[in-house]
Amino acid sequence: SFAGEEKEYRHAQGYDNFIEQLAQDFPNERQNIVAYCEKMREVCDTFPMYNLQQSSMDLQNMPYLDINAHDYIASVTSNKKLQKVLAGSNVLYAGDADKTPLYVHALVVNSYIESAYRCVNGSTQIAKGLTKIILNNGGKVLKHAHVEKFHFDGSNIDYVALKDGRRFYGKDFISNIHPAVTLDMVEEGKVRSAYRKRITSLDNSISTFIVHIALKENKIPYFNYNRYHYNDHNVWKGGNYEHEEWPHSWALFTGVTTKNDGYADTLTLMSYMREDETQKWADTYNVVSKEMDRGAEYHDFKAMKAEKMIDSLATKMPNLKESIFSYYTSSPLSYRDYIGDKWGSLYGISKDYRNP
């Protein structure tokens, strides 16, 4: 949806349904919508791992890595509003008109059209299920285990040292944290300096500010979809906003439980936020095992931002404010501390079609 318009455009599940719903809003664009959907599936089929297939392809010669998403969408239809609508969910991957490759857009859009978009009783079940599988296969899962450094014996890693002094020895080590943070834990000389410089110089995707809302009972009917709204009609604007116009867009999600009585009990309201907005508190850290109060000014900052977002949402949901029981917020600092990168980046290193 867009500010100043009552109309809401539907991204339906299932490709046939996706086409039918958008064709109702753009009847002269049916063939272009069909062509767009065919391209989404074609792009996804070139990624074997996405389809749980073994790959024999040379990754450097994969197609679609160097095609720009914004330009492709503009090529498939000349209808400016349809272009915006097709790109309207790009908050899910921090779409940038000048950088985002078509394959990123396609993989994300396809996942929502063909797969799940919400977990009944919450996504914590995924972590619990994965943990159970690891334990059943003889593995261990450690919480509050902050790795600080890799220690080498020659060119091989001998052990990793934890912040609390523990050491874990092994033959193979896998780091799934941000590559630049991983390299911070590797001593000089073990990785080529040119590689280290390149990784640490890559741009990161923008961060986010989220308002987590607990609702009063039986106030807001549960809606079985996500909502993406733009106050500024430029859906590719991303992090290029002025402070006074924030939030220029937001995404809204609601949880669902098995005891759903037809009403929502929570709302999650998300908008892009640059990490420089929280730079003055960058020397504070706050995680479960070590909580630090960032101070009154920070709490005032978050409250001000939360009220702006709630005001914006209230234009689409008039009974919102009287329906809120309480809310709490998370900022770029929250994501920096919990994800373990340096910037609170939503999706890690930005993908760039010019530099696959």
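Helices (H or I, at least four residues) and strands (E, at least two) are taken as DSSP runs and are numbered from the N terminus. In these terms, N218 of the predicted model is found in the loop between strand 4 and strand 5. The phi angle of N218 is near 55 degrees, a positive value in a residue other than glycine. With a relative accessibility of 43%, N218 counts as partly exposed. A comparable description applies to H144, a non-glycine residue with a positive phi of about 55 degrees. H144 occupies the loop between helix 6 (124-136) and strand 1, and its relative accessibility of 54% places it among exposed residues. Most residues other than glycine have a negative phi, and most peptide bonds are trans. A cis peptide bond is nevertheless present from W246 to P247, with omega near -5 degrees. P247 belongs to the loop between strand 5 and strand 6.

The strands of the model were examined next. Strands of a sheet pair through backbone hydrogen bonds, either parallel or antiparallel. One open sheet consists of 5 strands in the order 5-6-7-4-8, and its pairing is antiparallel. Strand 5 (227-230) and strand 8 (324-330) are at the edges and have a single partner strand each, so one side of each is left without a neighbour in the sheet. On average, neighbouring strands of this sheet are turned by 20 degrees against each other, direction ignored. Within the sheet, strand 6 (residues 249-253) and strand 7 (residues 266-273) run antiparallel and are joined by 3 bridges. L252 has L269 of strand 7 as its bridge partner. Helix 9 (residues 296-314) packs on this sheet, where it touches strand 4 (207-215), strand 6, strand 7 and strand 8. The direction of helix 9 makes about 110 degrees with that of strand 7.

A further open sheet contains 3 strands in the order 1-2-3, again with antiparallel pairing. Its edge strands are strand 1 (147-153) and strand 3 (167-169), each of which pairs on one side only. From one strand to the next, the twist averages 25 degrees. Strand 1 pairs with strand 2 (residues 156-162) in the antiparallel sense over 6 bridges. The bridge partner of F150 is V160 in strand 2.

Buried nonpolar residues form more than one core. The largest nonpolar core has 76 residues, and Y36, L267 and L320 are those with the most contacts inside it. Helix 5 (residues 102-114) gives the most to this core, contributing 8 residues. The contacts of L267, not counting residues up to four places away in sequence, include V211, I213, L215, L252, F253, L313 and L320. Apart from the largest core lies another, of 5 residues, among them F150, L162, M185 and V186. Burial was also examined along helix 1 (residues 15-25), where the buried residues are Y15, F18, I19, Q21, L22, A23 and D25. These buried residues of helix 1 pack against helix 2 (30-45), helix 4 (80-86) and helix 5.

Aromatic side chains were considered in terms of ring geometry. A pair of aromatic rings is described by the distance of the centres and the angle of the planes. The model contains 10 aromatic pairs. One of these, between F2 and Y9, is edge-to-face, with 6.2 Å centre to centre and 70 degrees between the planes. F2 has a relative accessibility of 3% and therefore counts as buried. F209 and W246 also form an edge-to-face pair, at 6.0 Å centre to centre and with 85 degrees between the planes. Because F209 lies in strand 4 and W246 in the loop between strand 5 and strand 6, this pair ties together parts that are 37 residues apart in sequence. F209 counts as buried at 0% relative accessibility, and W246 counts as buried at 3%. Ring pairs also link F2, Y9, F26 and Y230 into a cluster.

Charged side chains are placed over aromatic rings at two of the sites examined. The charged end of K7 sits over the ring of Y9, at 5.8 Å from the ring centre. Similarly, R227 lies over the face of F223, 6.0 Å from the centre of that ring.

Definitions and conventions:
Residues are numbered from 1 along each chain as its sequence is written. This is a predicted model: local features need pLDDT of at least 70, side-chain atom pairs count only at pLDDT 80 or more; totals for chains, interfaces and linings use all residues. Side-chain values use heavy atoms; hydrogens and water are left out. Two strands pair if DSSP finds at least two bridges between them. Axes are lines fitted to C-alpha atoms, for helices over the stretch in contact, and angles run from 0 to 180 degrees between N-to-C directions. Contact means heavy atoms within 4.5 Å. Rings of Phe, Tyr and Trp (its six-membered ring) pair if their centres lie within 6.5 Å; planes under 30 degrees apart count as stacked, over 60 as edge-to-face and the rest as tilted. Buried means under 20% relative accessible area, exposed over 50%, partly exposed in between (1.4 Å probe, protein chains only). A charge sits over a ring if NZ of Lys or CZ of Arg is within 6 Å of the ring centre and within 35 degrees of the ring normal. A nonpolar core is a set of buried Ala, Val, Leu, Ile, Met, Phe, Trp, Tyr and Cys residues joined through side-chain atoms within 4.5 Å.
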